[in-house]
Amino acid sequence: MAVRQPLRLLPWLNSAGHPCYLSTDGTGYLSRCADEMEQMQLDMGGDLLDFARELLADSKVTYRELHFLAQRLSESLRDALRVAESRGTRIPVRGGDEATEAGGRGDGAE
């Protein structure tokens, strides 16, 4: 009997602004597109963080520049959290006891 994979949260929204999910084993065309888009989002976030460091070091930065930066950083954080959520749901659970499956350590310690 095949193990059912959880639905994958994709890094884009549908036309109505709702999350998109994919039922996959992780090897298909859409999975590769999603992997590439996630990597691009994370790379862009890193580039934006470098830009933010430079901009914030400038004592003559304007309100408009800071506002623009804050908007882009918010978008980048949203994307990174979405990638983390998507990847986190695909991490296999080790062990089989209830504590592990519920997110606990599974060793009896709290």
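Biologist: Why does Leu66 count as partly exposed in this predicted model?

Modeller: Leu66 has a relative accessibility of 33%. Buried means under 20% and exposed means over 50%, so at 33% Leu66 falls in between and counts as partly exposed.

Biologist: And where does Leu66 sit, and what is Leu66 in contact with?

Modeller: Leu66 belongs to helix H2. If you leave aside neighbours within four places in sequence, Leu66 is in contact with Leu56 and Val61. Leu55 is eleven residues away in sequence, and its C-alpha is 8.2 Å from that of Leu66.

Biologist: Let's try Gln41 then. What makes Gln41 buried?

Modeller: Its relative accessible area is 11%. The cut-off for buried is under 20%, so Gln41 is buried. Gln41 lies in helix H1. Beyond neighbours within four places in sequence, Gln41 is in contact with Pro11, Asp79 and Val83.

Biologist: Cys33 is in helix H1 too. Is Cys33 buried or partly exposed, and how do you know?

Modeller: Cys33 comes out at 23% relative accessible area. That value isn't under the 20% needed for buried, nor over the 50% needed for exposed, so Cys33 is partly exposed. Pro11 is 22 residues from Cys33 in sequence, with 9.6 Å between the two C-alpha atoms.

Biologist: Which residues of H1 are buried, and what do they pack against?

Modeller: The buried ones are Ser31, Ala34, Glu38, Gln41, Gly45, Leu48, Ala52 and Leu55. They pack against strand S1 (8–13), strand S2 (19–22) and helix H2 (63–89). As background for reading that list, an α-helix has 3.6 residues a turn, so residues three or four places apart point the same way.

Biologist: What about the buried residues of H2?

Modeller: Those are Leu69, Ser76, Asp79, Arg82, Val83 and Ser86. Their cover includes S1, S2 and H1.

Biologist: How do you know whether the span of H2 agrees with the expected value?

Modeller: Take 1.5 Å times one less than the number of residues. H2 has 27 residues, so the expected span is 39 Å, and the end C-alpha atoms are 39 Å apart, which agrees. H1 (residues 29–57) gets a similar check: with 29 residues, H1 reaches 42 Å, close to the 42 Å expected.

Biologist: What makes you say that the charged end of Arg72 sits over the ring of Phe68?

Modeller: The charged end of Arg72 is 4.5 Å from the ring centre of Phe68. The distance cut-off is within 6 Å, and the charge must also lie within 35 degrees of the ring normal. The pair is listed as a charge over a ring, so the angle condition is met as well.

Biologist: And how many aromatic pairs are there?

Modeller: The count is zero. To pair, ring centres must lie within 6.5 Å.

Biologist: Now the whole chain. What pattern does it follow?

Modeller: Along the sequence it goes β-β-α-α-α, with three helices and two strands. Of its 110 residues, 20% count as buried. Carbon and sulfur atoms hold 57% of the roughly 8600 Å² of accessible surface.

Biologist: How confident is the predictor in the chain?

Modeller: The mean pLDDT is 86, and 83% of the residues reach 70 or more. Over residues 98–110, though, the pLDDT is below 50, and this stretch has nine contacts beyond near neighbours in sequence.

Biologist: Why not pick those contacts apart, then?

Modeller: Where pLDDT is low, the predicted coordinates should not be read in detail.

Key. Residues numbered from 1 in each chain as written. Predicted model: local features only at pLDDT ≥ 70, side-chain atom pairs only at ≥ 80, totals over all residues. Heavy atoms only, no water. Helix = DSSP H or I, 4+ residues; strand = E, 2+ residues; numbered from the N terminus. Buried < 20%, exposed > 50% of the residue type's maximum accessible area, 1.4 Å probe, protein only. Areas by Shrake-Rupley, 256 points an atom, 1.4 Å probe, with all protein chains shown as cover. Phe/Tyr/Trp six-rings, centres within 6.5 Å; stacked < 30°, edge-to-face > 60°. Contact = heavy atoms within 4.5 Å. pLDDT = per-residue confidence, 0-100.
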